[in-house]
Amino acid sequence: MIASKAKSLSGVAAVPGDKSISHRSVLLGGLASGTTRISGLLEGEDVLNSLKASRMLGAIAGKEGDDWIIQGTGNGLLLEPEEAIDFGNSGTGCRLYMGLAGSYDFPVTFAGDASLSKRPMGRIVDPLKLMGTQLLDSREGCRLPITLCGPRVTAPIEYRVPMPSAQVKSAVLLAGLNAPGITTVVEPVMTRDHSEKMLAGFGAAIEVETKTDGTRFIRLEGQGNLAGQDIQVPSDPSSAAFPIVAALIVEGSDVTLPNILMNPTRTGLVTTLLEMGANIDISNERESGGERIADLRIRSSQLKGVTVPGERSASMIDEYPVLAVAAAFAGGETLMEDVGELRVKESDRLAAVGAGLKANGVSCEEGKDWLKVTGTPGGKGLGGAGSGNIAPVATHLDHRIAMSFLVMGLGAEKPVQIDDASPIATSFPEFTALMRELGAVLEPSNG
Ligand code: S3P
């Protein structure tokens, strides 16, 4: 797909449902007794794979109008799946369901696509082993496909999460649902807290204590009853990031995005863009289904480079690729500190972003766990990947790399081509239509 300089972007756009909340609502709906009704579920490939996983573990799920209705098995009552569960591209789906089903005393095989099969799973298998789970099979380096088998009785543990990861935290808590007694997750750096909130909403006995140094102790009592819930999924701030940055870098733009999730563990990008001088109005802040949401109005802005502190990385971990694109249009340097986790996402995002920026004439420097981008206000001279003798941007099966560089092409002087737009469907199937509706110029590269 090729993105070319847009005249301006304007209008109101409905960003699809939050991916993290969608995965968790499908997973907990499939586990709880009774009926869970979900409105606004993200119907991206990743979440559809989670729905399939819940069905394979015994849940019944179907649509009623726009809502999804799930009848769960009841906590402790998942069924043994008949075949391997394939999570496609989804690290969140795979890791959360490993925690959920890996504590049951039957074998479950977890599989994924080429990208997911390269990603480290030891971070999930290690705590599960402490809870009694056996690793029956895996590829070298604890890579998928992996077969787990839980013990007869799962051991509740206290586990200190070694890297800032909501997936690891959630996997341990979900395994703890099947253990007698109290499972404690110690989280030194706070990550997105949707699992804690939603577990409480489904009736789990869970409490969170935050120490003065910010360390969180999350205690969950296992083997309790979970009851089906009504859930409204707010719009995904990580998907909103693409039209937000596009509106900022395309001159004359004025875009409104209603109902965006504003949970403080997810707003690091908006904070950073405001520091860079972005014109973003946050209005109508309210609560919906236990989460804070707001409407955002974004107008084109001349950005300036900033240093993004490492402490903020967990609250914007998925937004660095598109922040790097914003930084390419900002005056001066933007330094992103302590972002080593980006190397184990759907792709090595530091390498993929660095290569993509360079192919489009942006000066950037990449370290083991940092990235520095020097911007060109107005995007003069930027772009050009996919023309002349420059290869298109390599997206490495990574939806966020694909969308970030298409956004770049909307603001750059020269068009930007990416090698594969298909991964976009994992998290934001409506991306192309929504962006075109706002005025984006996106065309398939074969004409
Ligand atoms: C997610 C957690 C993050 C994030 C991912 C979604 C979640 O991963 O990158 O897109 O829903 O729990 P880590 O837990 O690896 O940081």
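Hi everyone, let me start at Arg24, where a polar side-chain atom lies 2.6 Å from an oxygen atom of the ligand. I count a polar contact as a pair of N or O atoms within 3.5 Å. This is a predicted model, so local features need pLDDT of at least 70 and side-chain atom pairs pLDDT 80 or more, while totals for chains, interfaces and linings use all residues. Residues are numbered from 1 along each chain as its sequence is written, and side-chain values use heavy atoms, with hydrogens and water left out.

Ser20 also places a polar side-chain atom 2.7 Å from a ligand oxygen. At Gln167, a polar backbone atom is 2.9 Å from an oxygen atom of the ligand. The protein covers 96% of the 390 Å² of accessible area that the ligand has on its own (Shrake-Rupley method, 1.4 Å probe).

Now, who surrounds the ligand? Among the residues around it are Thr92, Arg123, Arg192, Asp318 and Lys345, where "around" means a heavy atom within 4 Å. The shell divides into three nonpolar, four polar and five charged residues; Asp, Glu, Lys and Arg count as charged, Ala, Val, Leu, Ile, Met, Phe, Trp, Tyr, Cys and Pro as nonpolar, and the others, Gly among them, as polar. Helices α1 (19–31) and α5 (166–176) each supply at least two shell residues; helices are DSSP runs of H or I, at least four residues, and strands are runs of E, at least two.

Why does the ligand lie between two domains? Domain 1 (2–16 + 234–443) and domain 2 (19–220) both give residues to its shell, with bounds from an automatic or database domain assignment.

Lastly, the backbone. A cis peptide bond, omega about -5°, joins Leu144 and Pro145, and Pro145 is in strand β9 (residues 143–149). Cys142, in the loop between β8 (134–139) and β9, has a positive phi of about 55° although it is not a glycine.

Technical notes: A polar contact is a pair of N or O atoms within 3.5 Å; within protein, one must be able to donate a hydrogen and the other to accept it, and residues adjacent in sequence count only if both atoms are side-chain atoms.
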